[in-house]
Structure formats: C-alpha cells, structure tokens
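The following dialogue concerns aromatic rings and the reasons behind the terms applied to them.

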Amino acid sequence: MKTIVICSGGLDSVTLAYKVARDHELLALVSYDYGQRHKQELDYAALAAKKLGVPHHILDMSQIGAHLSGSALTDDLDVPDGHYAEENMKVTVVPNRNAIMLAIGFGIAAAQQADAVAAAVHGGDHFIYPDCRPEFTKSFEAMQKLALDGYANVSLYTPFVEVPKDAIVAEGAKLGVPFEETWSCYKGGEKHCGRCGTCVERREAFDLAGVDDPTDYADPDYWKSAVEQAAS
C-alpha cells in the first residue's frame, strides 16, 4: 500500500511513519505550517523523513491558520498546564485543522497515485478534538471516496484511532523510533515544558508503557500531580 503520512514531528505521527515504512510502502511525509507556536515540530518531521529516506513536504498554511483564531496554538493565549483530558485543554483546538490537512493530503495522494493517507489520531484525542474521533475519520474517508470517484481510490489509514498513547509508545519502542527526535510540547520553548497537556500525556504514556522516556523536560515531575488531580 503506497502511503503518504501526515507527520507533525510529534511522537504519534513519527511512530506512524516508522510503522508505515515497516508494513507498507512509505512515499513521503507531509507537514503543515499553520502558524503554530511550536513550529520546531516541523524540524523533527524533516529529521524523521531523512532517517526514513523519503521526501518531506512542508505546506504553508499560515495564512489559513491566521483565520482559524481562538486557539492557544496560534493566538496570543496561554497554553494551559494540566492533564491532557481536562476541560481547559479545549483552548488548544484549532477549528477544522485535521479536516483541512487531510483534504490536502488526499489531493496530494491522488495526484501521486498513492493508495492511502495515514494520520496518527489516537484514542486519547477523542475527548478534546472532534476531528480525531472514529466517527469523523470514517465519514471523512467516505466523503473522499465520493470526491475522487473515477479519478483515484485513496483510503484513510488510522491504525491508532482506537488505542491510547501508551500503546503507541510501546509500538514505537518495538519499531526503534528515536523518541528523543520527536516534539510534543505546545508551548514552543527550547525544551519540553513538562507542564502542558501534551507534555503530561507524553510523560504519562512512557510510564504506563514501561519505556524509558529520553525527553528533556523543564519540569520533569509535574506530570505526577497533574495525573493525580485528573484522577481525583
């Protein structure tokens, strides 16, 4: 299955790229600059493409992203600290982001005669992001079958859509993913902050998977209290 992977440079999408390279034919990694404050993630996507020996395409969506206002990822709003599944993390939603990125990805895949577009949406995303849920991915694939009818037949490959992040870490460890060469933090500092939802989720996932976390966090212990508070 000739596959294009939507790759942000994060742990999930880089692991997906390695999985596709093992199980299918990886054609390229596609990333998007939508004005995100944590733009250094794109450097990690480029590094993954280099390691895997495939082209890396960065598409400029910054003008579009400027109109998708109200998110802490693109606007001058504070990225909240705390557990990933807390209600206040909804401020990190960029409206329709995945739908836009996937539509572009399907167009590229059709033009390059690829069989699939792969996206690393996972079970932990469902609470916050509506365009990461199984209902969305199934509907989006059906819509694209109609949009490309008679021109191309491209599937949406989302192997992590029903699994938690610790399962992705476990899978990545088996695949030999260089986790230290992935970026999760939403705050966009010089190192992972250790306090935002994605940092807490990342650190917790390594712990649950029983895999050593090579990430350098500014606050390496905050995740424990965040997880305890979310569970109470």
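The questions below address ring pairs, burial and a charge over a ring in this predicted model.

Q: How many aromatic pairs does the structure hold?
A: The structure holds 4 aromatic pairs.

Q: Why is the aromatic pair of Y44 and W183 called stacked?
A: The ring centres of Y44 and W183 are 5.9 Å apart, with 25 degrees between the planes. Rings pair if their centres lie within 6.5 Å, and planes under 30 degrees apart count as stacked, so both conditions are met.

Q: What makes this pair of Y44 and W183 a tie between parts apart in sequence?
A: Y44 belongs to helix α2 (residues 41-52), whereas W183 is in the loop between α6 (165-175) and α7 (197-209), so the pair ties together parts 139 residues apart in sequence.

Q: Why does W183 count as buried?
A: W183 has 4% relative accessibility, and buried means under 20%. Y44, at 22% relative accessibility, counts as partly exposed.

Q: Why is the aromatic pair of F179 and F206 called edge-to-face?
A: For F179 and F206, the planes are 90 degrees apart and the centres 5.1 Å apart. Planes over 60 degrees apart count as edge-to-face, so the term applies. F179 is in the loop between α6 and α7 and F206 in helix α7, so this pair ties together parts 27 residues apart in sequence. Both F179 and F206 are buried.

Q: How do you know that R195 lies over the face of Y222?
A: R195 is at 3.9 Å from the ring centre of Y222 and lies over its face; the distance limit for such a charge is within 6 Å.

Methods:
Residues are numbered from 1 along each chain as its sequence is written. This is a predicted model: local features need pLDDT of at least 70, side-chain atom pairs count only at pLDDT 80 or more; totals for chains, interfaces and linings use all residues. Side-chain values use heavy atoms; hydrogens and water are left out. Rings of Phe, Tyr and Trp (its six-membered ring) pair if their centres lie within 6.5 Å; planes under 30 degrees apart count as stacked, over 60 as edge-to-face and the rest as tilted. Helices (H or I, at least four residues) and strands (E, at least two) are DSSP runs, numbered from the N terminus. Buried means under 20% relative accessible area, exposed over 50%, partly exposed in between (1.4 Å probe, protein chains only). A charge sits over a ring if NZ of Lys or CZ of Arg is within 6 Å of the ring centre and within 35 degrees of the ring normal.
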